[in-house]
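Visitor: I should like to be guided through a protein model by means of questions and answers. May we begin?

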Amino acid sequence: RERQSGLDPTLSFSSTTIHMISFPSLFFNNHSETFKYSQDNYDNDIRSLNIYRCKCPVCGSVGFFHFHAKYERYLSDSDSVIVVKRIMCEACHTTHALLPDVIIPNRYFSSPFIMRLFSLYLKDRLSLSQLSCALHISIQCACSLVSFFEKHHHQLFNIISSCLNISFDQSFNNEYFSLFHLFFMQSPHHKKRHAFYISSVT
């Protein structure tokens with residue numbers, strides 16, 4: 001395989017920083033109410049990713065990744081445990097968790113679930129109690145998710161919609177979320193966690 005080092009020998013990297021690489025999932029646009037992201041789905045997503053052609057987002061090297069370790073990640077809406085793979089860059093020795101964009105960093109709900117929630121909230125105008133019943137989550141959980149959206153995204157969401165002169169629909173919801181999914185549900189205190197997005201998997 002072709003290898004190209006982009007490592008600056010003067011750089012140093014913190015071992016306490018958590019790196020995550022997000023990449024397009026084969027299942028991002030699956031909004032079926034019965035869809036539950038599974039280990040088989042994750043494994044298919046990983047097989048779609050050629051790690052030997054990926055650039056290390058920390059040092060810029062290409063062709064230096066190898067599979068290194070794994071850990072378990074729980075998805076609440078799927079009620080399943082996903083074994084997430086980690087890769088290591090041989091050039092800078094940083095490790096990166098491989099997260100398809102179905103999985104939101106540091107959150108227990110999948111992207112399709114969050115998009116269903118905001119479609120029901122923004123388009124169908126369901127109340128918190130109705131969201132709770134429709135999605136089988138507690139009212140407190142629905143309130144927390146909606147409050148986060150209102151605080152960090154609703155104004156931007158409306159500005160983009162107004163500038164483009166379009167009303168809310170599923171396509172707009174998908175496009176917005178695909179652009180901002182890495183930080184859509186991020187908490188400000190996750191300062192030691194760096195997420196990077198790879199737009200191409202081949």
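**Strands, turns and a buried helix**

Guide: Three bridges join β3 to β4, and the two strands run antiparallel. Please bear in mind throughout that this is a predicted model.

Visitor: Which residue in β4 does Met88 stand opposite?

Guide: The strands β3 and β4 are antiparallel, joined by three bridges. Strand β4 covers residues 95-100. Within β4, the residue opposite Met88 is Thr95.

Visitor: Which residue in the turn of the hairpin of β3 and β4 has a positive phi?

Guide: The hairpin of β3 and β4 has five residues between its strands. Most residues other than glycine have a negative phi. The residue in this turn with a positive phi, of about 65°, is not a glycine. Its name is His93.

Visitor: Is His93 buried or exposed?

Guide: His93 lies in the loop between β3 and β4. A residue counts as exposed when its relative accessible area is over 50%. Because the value for His93 is 56%, this residue is exposed.

Visitor: In what sense do β2 and β3 pair, and over how many bridges?

Guide: Strand β2 covers residues 65-75, and strand β3 covers residues 80-89. One of the pairs between them places Ala69 with Arg86 of β3 as its bridge partner. The pairing of β2 and β3 is antiparallel, and the number of bridges is 10.

Visitor: Which residue takes a positive phi in the hairpin of β2 and β3?

Guide: This hairpin has four residues between the strands. The residue in question is found in the loop between β2 and β3. Its phi is about 50°, although it is not a glycine. The residue is Asp79.

Visitor: What is the relative accessible area of Asp79, and why is Asp79 called exposed?

Guide: Exposed residues have a relative accessible area over 50%. Asp79 is called exposed because its value passes that limit, at 60%.

Visitor: How many residues of β3 are buried?

Guide: Strand β3 has 10 residues and is mostly covered. To be buried, a residue must have under 20% relative accessible area. In β3, the number of buried residues is seven.

Visitor: How many of the six residues of β4 are buried?

Guide: Strand β4 is largely enclosed by the rest of the structure. One of its residues, Pro100, has a relative accessible area of 0% and is therefore buried. The number of buried residues in β4 is five.

Visitor: How far apart in space are Pro100 and Leu26?

Guide: In sequence, Pro100 and Leu26 are 74 residues apart. Pro100 also has contacts outside its neighbours within four places in sequence, including Ser22, Phe23 and Tyr37. From C-alpha to C-alpha, the distance between Pro100 and Leu26 is 8.5 Å.

Visitor: What accessible area do Tyr74, Val81 and Tyr108 have together?

Guide: These three residues form a nonpolar patch on the surface. Tyr74 lies in strand β2 and is partly exposed, with a relative accessible area of 34%. Together, Tyr74, Val81 and Tyr108 have an accessible area of about 310 Å².

Visitor: What distance does helix α2 reach from its first C-alpha to its last?

Guide: Helix α2 consists of residues 111-122, which number 12. At 1.5 Å a residue, a span of 16 Å is expected, and α2 comes close to that value. The distance reached is 16 Å.

Visitor: How many residues of α2 are buried?

Guide: Helix α2 is mostly covered. Among its buried residues are Phe113, Ile114, Met115 and Arg116. Of the 12 residues in α2, the number buried is 11.

Visitor: What share of the residues of the protein chain counts as buried?

Guide: The chain has six helices and five strands, and along the sequence these follow the pattern β-α-β-β-β-α-α-α-α-α-β. The exposed surface is about 10,900 Å², of which carbon and sulfur atoms supply 52%. Of the 202 residues, the share that counts as buried is 45%.

Notes: Residues numbered from 1 in each chain as written. Predicted model: local features only at pLDDT ≥ 70, side-chain atom pairs only at ≥ 80, totals over all residues. Heavy atoms only, no water. Expected span 1.5 Å × (residues − 1). Buried < 20%, exposed > 50% of the residue type's maximum accessible area, 1.4 Å probe, protein only. Contact = heavy atoms within 4.5 Å. Patch = residues over 30% accessible without salt bridge, like charges linked within 9 Å, V, L, I, M, F, W, Y side chains within 5 Å. Areas by Shrake-Rupley, 256 points an atom, 1.4 Å probe, with all protein chains shown as cover. Salt bridge = Lys/Arg side-chain N within 4 Å of Asp/Glu carboxyl O. Pairing = 2+ DSSP bridges.
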